[in-house]
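The following paragraphs lead the reader through a protein structure, beginning with a pair of strands and then turning to the chain as a whole. Please keep the sequence and the model in view while reading.

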Amino acid sequence: MLDLLEKRMEREKEQVFSSVKEADFVEQIERLVEVQGERGYMMEVEETETGDFIMRNYHCPIANISSNYSQVCHHEMNIYKGLFPKSKVMIHECMSKGHFCCEWMIEKPEKG
């Protein structure tokens, strides 16, 4: 099963990166939410006063798998960190841990 999850992550990473990589930070966030919506996630995004972004996912199409295999959530974290290498990426809530949604914080990258 772990090999299957690893292959899924690589496929997901390729799909997301190809849609998002050639954009500035704000546009990357917008495209990421759009791509994830096309893939069956139900996401909303909120920009904070400091320019950071909070992404909330209210539907995970593989929630039944992620509740048994935490690797799925770790893979998602790795994808987001790869997309935003100059930003701090944190998860505050996770459906696989019993929360109502998955909530991610992606900090605005520092200039320079």
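**A central strand and its partners**

Strand E1 (residues 43-47) and strand E2 run antiparallel and are joined by 5 bridges; two strands pair if DSSP finds at least two bridges between them. Helices (H or I, at least four residues) and strands (E, at least two) are DSSP runs, numbered from the N terminus. The model is a predicted one, in which local features need pLDDT of at least 70 and side-chain atom pairs count only at pLDDT 80 or more, while totals for chains, interfaces and linings use all residues. Residues are numbered from 1 along each chain as its sequence is written, and side-chain values use heavy atoms, with hydrogens and water left out.

Within the pairing of E1 and E2, Val45 has Met55 of E2 as its bridge partner. The hairpin that these strands form has 5 residues between the strands, and Gly51 takes a positive phi near 90° there. E2 is also joined to strand E4 (residues 102-106) by 5 bridges, and these two strands run antiparallel. Here Met55 stands opposite Trp104 in E4.

How many of the residues of strand E2 are buried? In E2 (residues 53-57), 5 of 5 residues are buried, that is, under 20% relative accessible area, where exposed means over 50% and partly exposed in between (1.4 Å probe, protein chains only). Phe53, Met55 and Asn57 point one way from the strand, whereas Ile54 and Arg56 point the other way.

The whole protein chain comes to 4 helices and 4 strands, and from the N terminus on its elements run α-α-β-β-α-α-β-β. Its radius of gyration is 14 Å, which agrees with the value near 13 Å for a compact globule of 112 residues; this radius is taken over C-alpha atoms, and the globule rule is 2.2 Å times the number of residues to the power 0.38. The C-alpha atoms fill a box of roughly 40 × 30 × 25 Å along the principal axes. Of the 112 residues, 40% count as buried. Among contacts (heavy atoms within 4.5 Å) between residues at least 6 apart in sequence, 49% join residues at least 24 apart.

A last stop is Ser67, in the loop between helix H3 (63-66) and helix H4 (71-83). Ser67 is partly exposed, with a relative accessible area of 44%. Its C-alpha atom is separated by 20 Å from that of Glu10, and the two residues are 57 residues apart along the chain.
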